[in-house]
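Here are some notes to read alongside the model, written as numbered points. I hope they help you find your way around.

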Amino acid sequence: MTDTGPFVSSFLEIEKGWIDYNNHLNMGYYTVVFDRASDQLWDWLGFGAHYVAETNHTTFAAEFHVRYLREVKLGDRLYSRIRILDHDEKRFHTFQELYHEDGWLSATGEGLTLHVDLGGPKVAPMPQHIQHRLAEQARVHAELPAPEGVGSRIGIRRKVKSG
């Protein structure tokens, strides 16, 4: 994690089974790539597999919105830049950008993640050390310009007829 910018994942390579009959990454697998990248951030925050085993708590995705901007194909390598946009003791709001190794933006993903006690299961407060890391990253990320596409809505834009 950096003190000046978004978290940057390692490179993730597009796998053969993720390619559809259009010869590009199937829409469902963009979420897999986003998820694998976010797992790296979750590990840094303290939410990895060890966390589940030790605490019986984990994270669940509550909502995730993908924008598909440019297609990727078999063998392409992508990395994700992830920002913490907001958080409270039980939830955090993230924005991810998937970049091709050549530097162009392929997709964005915006999500709301819940911290969950698996004993319920029910949404529960995160430990203080994780809340502190989230707060520090949210502070740093708030100083950056808002990412294009954050909070975007789905709909067909129509011209308004006058008169």
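**Notes on the strands, pocket and cores**

1. A good place to begin is T94, which is found in strand β5. Keep in mind that this is a predicted model. Is T94 buried or exposed? T94 has a relative accessible area of 3%, and since the cut-off for buried is under 20%, T94 counts as buried. Leaving aside neighbours within four places in sequence, the contacts of T94 are W42, I82, R83, I84, L85, G109, E110 and G111.

2. Now for the strand around T94. Strand β5 covers residues 91-100, and eight of these 10 residues are buried, so β5 is largely enclosed by the rest of the structure. With strand β4 (residues 77-87), β5 pairs in the antiparallel sense over nine bridges. One pair to look up is S80, whose bridge partner in β5 is L98. The link from β4 to β5 is a hairpin through three residues.

3. What does β5 pair with besides β4? Strand β6 (residues 105-117) runs antiparallel to β5, and nine bridges join the two. Here T94 comes back into view, as its bridge partner in β6 is G111, a residue that is also in the contact list of T94. F92 stands opposite T113 in β6. The hairpin of β5 and β6 has four residues between the strands, and in this hairpin G103 takes a positive phi near 105°. If you check backbone torsions, G103 is one to view.

4. β6 deserves a point of its own. Of its 13 residues, 11 are buried, so β6 is largely enclosed by the rest of the structure. Besides pairing with β5, β6 pairs with β3 in the antiparallel sense over 11 bridges. In that pairing, H65 stands opposite E110 in β6; E110 is also one of the residues in contact with T94.

5. Which strand does β6 meet through D117 and K122? D117 stands opposite K122 in β7. Strand β7 (residues 122-123) pairs with β6 in the antiparallel sense over two bridges, and a hairpin joins β6 to β7 through four residues.

6. Past β7, have a look at A124, which is placed in the loop between β7 and α3 (128-142). With a relative accessibility of 9%, A124 counts as buried. Not counting residues up to four places away in sequence, A124 touches H57, E89, K90, H115, V116 and D117. For a sense of distance, the C-alpha atoms of A124 and H24 are separated by 39 Å, and these two residues are 100 apart along the chain.

7. You may want to inspect the largest pocket, which has a volume of about 260 Å³. It is lined by 16 residues, and the closest to the pocket centre are D35, S38, W42, A61 and T113. Two or more lining residues come from each of α1 (27-45), β3 (57-68), β5 and β6. Which element gives the most to the lining? That is α1, with six residues. By class, the lining has six nonpolar, seven polar and three charged residues. Two of the residues named here also appear above: W42 is among the contacts of T94, and T113 is the residue opposite F92.

8. Last come the nonpolar cores. In soluble globular proteins, nonpolar side chains tend to be buried together. In this model, the largest nonpolar core has 14 residues, and those with the most contacts inside it are I14, Y30, V33, V72 and L98. The element giving the most to this core is α1, with four residues. L98 is also the bridge partner of S80. I14 touches I19, L25, V33, V72, K73, L74, G75, D76 and L78, not counting residues up to four places away in sequence. Apart from the largest core lies another, of 13 residues, among them F7, Y51, I82 and I84. Of these, I82 and I84 are also in contact with T94, which brings the notes back to where they began.

Definitions and conventions: Residues numbered from 1 in each chain as written. Predicted model: local features only at pLDDT ≥ 70, side-chain atom pairs only at ≥ 80, totals over all residues. Heavy atoms only, no water. Buried < 20%, exposed > 50% of the residue type's maximum accessible area, 1.4 Å probe, protein only. Pairing = 2+ DSSP bridges. 1 Å grid on protein atoms, 1.4 Å probe; cavity = no way out; pocket = protein on both sides within 12 Å on 5 of 7 lines; lining within 4 Å. Points joined across faces, edges and corners; volume = space filled by probe spheres on them. Nonpolar A, V, L, I, M, F, W, Y, C, P; charged D, E, K, R; others polar. Contact = heavy atoms within 4.5 Å. Core = buried A, V, L, I, M, F, W, Y, C linked by side-chain atoms within 4.5 Å.
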